[in-house]
Amino acid sequence: MAGDDVLAGGRGLRLRVVAALAGAALVAGYLFWRWWAGQIGALPAPSLPAAILLLVLGAAEFAAARRIRRGVSGASRDPLDPLWSYRMLLIGQAAALTGTLAAGWSVAFIAAAWPDTDAASVRSDALAAAALALAAGVLAAGGLGIQRACRIGPPGQQAEPRE
């Protein structure tokens, strides 16, 4: 199955992969934004509605992770659909990667705009980029939370109920 490669033999998305992607996005984004500022001019303003959307998606992921965690531990009255859980795992991993890249890209915007933050408009754009970076971090954390909630013990081992 195509998703099995992403799962890395059952280990899942590793934190070092997430950190490496954030670093790569930061470097690539910084180079891009410096090129943009030198060739085109003013940097485009980051979108605050995008930050709100990422926050909402991150909150939905945390809610899904809680539902999965309760289902795996047996604390839920509703049965947990394994196919839904697997889909949420893949969505969570994709969201973790997306959030990581968006956070790195937004921090790169802040770094590229930093020399010009004495201007009020650039300062407000840098603050919007900071909000976007934080929201992207919430999205990434929610995705990793779903992955953690989907972990189960070895076959035959009964999960301990937790609340």
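Which residues in α2 meet which residues in α4? The close-ups below start there and then move along the chain of this predicted model.

**View 1. Helices α2 and α4 pack against each other at an angle of about 40°.** Here the axes of α2 and α4 run 7 Å apart, and the crossing is right-handed. To answer the opening question, α2 brings V18, L21, A22, A25, L26, A28, G29, Y30, F32, W33 and R34. On the α4 side, the partners are L97, T100, L101, G104, W105, V107, A108, F109, A111 and A112. If you're setting up a selection for this interface, those two lists are the residues to pick.

**View 2. F32, W33, W35, W36, W105 and F109 form one aromatic cluster.** Overall, the structure holds 7 aromatic pairs. One of them joins F32 and W33, edge-to-face, with 5.1 Å from centre to centre and 65° between the planes. F32 has a relative accessibility of 30%, so this residue counts as partly exposed. W33, by contrast, comes in at 9% and therefore counts as buried. W33 also pairs with F109: the ring centres are 5.3 Å apart and the planes stand at 90°, so this pair is edge-to-face as well. Since W33 sits in helix α2 (residues 15–39) and F109 in helix α4 (residues 82–113), the pair ties together parts that are 76 residues apart in sequence. Like W33, F109 is buried.

**View 3. Helices α3 and α4 pack at an angle of about 145°.** The axes of α3 and α4 are 11 Å apart, and this crossing is left-handed. From α3, the contact uses E61, A64, R67 and I68. From α4, it uses W84, S85, M88, I91, G92 and A95. Keep an eye on R67 and W84 in this view: the charged end of R67 sits over the ring of W84, 4.6 Å from the ring's centre.

**View 4. S85 is a buried serine in helix α4.** What is the relative accessibility of S85? The value is 10%, and because the cut-off for buried is under 20%, S85 counts as buried. Leaving aside residues up to four places away in sequence, S85 touches I68, L80 and C150. I68 also turns up on the α3 side of the α3–α4 contact.

**View 5. A96 is buried in helix α4.** The relative accessible area of A96 is just 1%. Which residues does A96 touch, not counting those up to four places away in sequence? The list is L13, L139, A140, G143 and L144. A bit further along the chain there's Q147: A96 and Q147 are 51 residues apart along the chain, and their C-alpha atoms are separated by 9.4 Å.

**View 6. S106 sits in helix α4 and is buried.** S106 has a relative accessibility of 5%. Again skipping residues up to four places away in sequence, this serine touches A129, L132 and A133.

**View 7. A60 lies in helix α3 (residues 48–73).** Is A60 buried or partly exposed? With a relative accessible area of 43%, A60 is partly exposed. A60 and L139 are 79 residues apart in sequence but 9.2 Å apart in space, C-alpha to C-alpha. L139 is also one of the residues that A96 touches.

**View 8. Zooming back out, the chain has 5 helices and 0 strands.** Read along the sequence, that gives the pattern α-α-α-α-α. Of the 163 residues, 33% count as buried; among them are W33 and F109 from the aromatic cluster. How much of the contact set is long-range in sequence? Among contacts between residues at least 6 apart in sequence, 81% join residues at least 24 apart. As for the surface, the chain exposes about 9900 Å², with carbon and sulfur atoms supplying 65% of it.

Note on methods:
Residues numbered from 1 in each chain as written. Predicted model: local features only at pLDDT ≥ 70, side-chain atom pairs only at ≥ 80, totals over all residues. Heavy atoms only, no water. Phe/Tyr/Trp six-rings, centres within 6.5 Å; stacked < 30°, edge-to-face > 60°. Buried < 20%, exposed > 50% of the residue type's maximum accessible area, 1.4 Å probe, protein only. Helix = DSSP H or I, 4+ residues; strand = E, 2+ residues; numbered from the N terminus. Lys NZ or Arg CZ within 6 Å of the ring centre and 35° of its normal. Contact = heavy atoms within 4.5 Å. Areas by Shrake-Rupley, 256 points an atom, 1.4 Å probe, with all protein chains shown as cover. Axes fitted to C-alpha atoms, helices over the stretch in contact; angles between N-to-C directions. Left-handed = near helix turned anticlockwise from the far one by under 90°.
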